[in-house]
Amino acid sequence: MMTAKEVNFRQRVEALVAHIPPKRVMSYGQIAALCGNARAARIVGGIAHYGDLSLPWHRVVHRDGKLARGYPGGINGHKQVLESEGVHVDGVYRIDIRALLWFPDERENRE
DNA sequence: CGAGTGACCGCAA
DNA sequence: ATTGCGGCCACTC
């Protein structure tokens, strides 16, 4: 019997996504890795679709910085949400992930 | 309960 | 730089 202490992968993903601060983004693979399975990047995407939609999934993008596809409202809506956060999105729906990629270890106070 | 699936990722032309 | 293909694993019906 599985130990009840062992929380589902989904539980960790949702918690992590919920802690992503504004103007910061994370990749699906990174989230998966921090949750214990670097290969479960696709699962994170699945959770985004079937999981809690109230979470800031708009702060989750591809490893290359490109925006995801199945976002509610389309990639176009995703772009606008990010810009609303203050994140610049170029014409190819790509962001400077190298600067915006966030790590949970970083101190929130950074200004 | 079983099989298919996917808001991905990495690597090869 | 872009395009395509395979693999990977938890989640859904």
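# Close-up views of a predicted protein–DNA model

**View 1. Residues around DNA strand B.** Tyr28, Arg42, Ile43, His62 and Gly70 come nearest to DNA strand B, out of 18 residues around the strand. The model is predicted. By class, the surface near DNA strand B holds 9 nonpolar, 6 polar and 3 charged residues. Look also at the DNA side. Of the strand B atoms within 4 Å of the protein, 44% belong to sugar or phosphate. The rest belong to bases.

**View 2. Backbone contacts with DNA strand B.** Three protein residues are picked out here, each through its backbone. Glycine 29 has a polar backbone atom 3.4 Å from a phosphate oxygen of DNA strand B. Arginine 63 also places a polar backbone atom by a phosphate oxygen of this strand, at 3.2 Å. Alanine 48 meets a base instead: a backbone N or O atom of alanine 48 lies 3.2 Å from a base nitrogen of DNA strand B. Which elements give two or more residues to the surface near DNA strand B? They are helix H2, residues 28-34, and helix H3, residues 41-50. H3 supplies the largest share, 6 residues.

**View 3. Residues around DNA strand C.** Now turn to the other strand. Phe9, Arg10, Asn37, Arg39, Arg42, Ile43 and Tyr50 surround DNA strand C. This surface divides into 3 nonpolar, 1 polar and 3 charged residues. Of the strand C atoms within 4 Å of the protein, 54% belong to sugar or phosphate, and the rest to bases. Arg42 and Ile43 appear in this group, and Arg42 and Ile43 are also among the residues that come nearest to DNA strand B.

**View 4. Side-chain contacts with DNA strand C.** Here the protein atoms shown belong to side chains. Arginine 10 has a side-chain N or O atom 2.9 Å from a phosphate oxygen of DNA strand C. For asparagine 37, the distance from a side-chain N or O atom to a phosphate oxygen of the strand is 3.3 Å. Arginine 39 also has a polar side-chain atom 3.3 Å from a phosphate oxygen of DNA strand C. Two or more residues of the surface near this strand come from each of helix H1, residues 9-18, and H3. H3 gives the most, with 3 residues.

**View 5. The largest pocket.** What is the volume of the largest pocket? Its volume is about 430 Å³. The pocket is lined by 19 residues, and Tyr28, Gly45, Ala48, Ala68 and Gly70 are the closest to its centre. H2 and H3 are the elements that give two or more residues to the lining. The largest share, 4 residues, comes from H3. By class, the lining has 10 nonpolar, 7 polar and 2 charged residues. Some names return from earlier views. Tyr28 and Gly70 are among the residues that come nearest to DNA strand B. Ala48 has the backbone atom that lies 3.2 Å from a base nitrogen of that strand.

**View 6. A lysine over a tyrosine ring.** This last view leaves the DNA aside. Lysine 79 lies over the face of tyrosine 93. The distance to the ring centre is 5.6 Å. How many aromatic pairs does a search of the whole structure find? The search finds 0.

Note on methods
Residues numbered from 1 in each chain as written. Chains lettered and ligands numbered in written order. Predicted model: local features only at pLDDT ≥ 70, side-chain atom pairs only at ≥ 80, totals over all residues. Heavy atoms only, no water. Near = heavy atom within 4 Å. Polar contact = N/O pair within 3.5 Å; in protein donor to acceptor, adjacent residues only side chain to side chain. Nonpolar A, V, L, I, M, F, W, Y, C, P; charged D, E, K, R; others polar. Phe/Tyr/Trp six-rings, centres within 6.5 Å; stacked < 30°, edge-to-face > 60°. Lys NZ or Arg CZ within 6 Å of the ring centre and 35° of its normal. 1 Å grid on protein atoms, 1.4 Å probe; cavity = no way out; pocket = protein on both sides within 12 Å on 5 of 7 lines; lining within 4 Å. Points joined across faces, edges and corners; volume = space filled by probe spheres on them.
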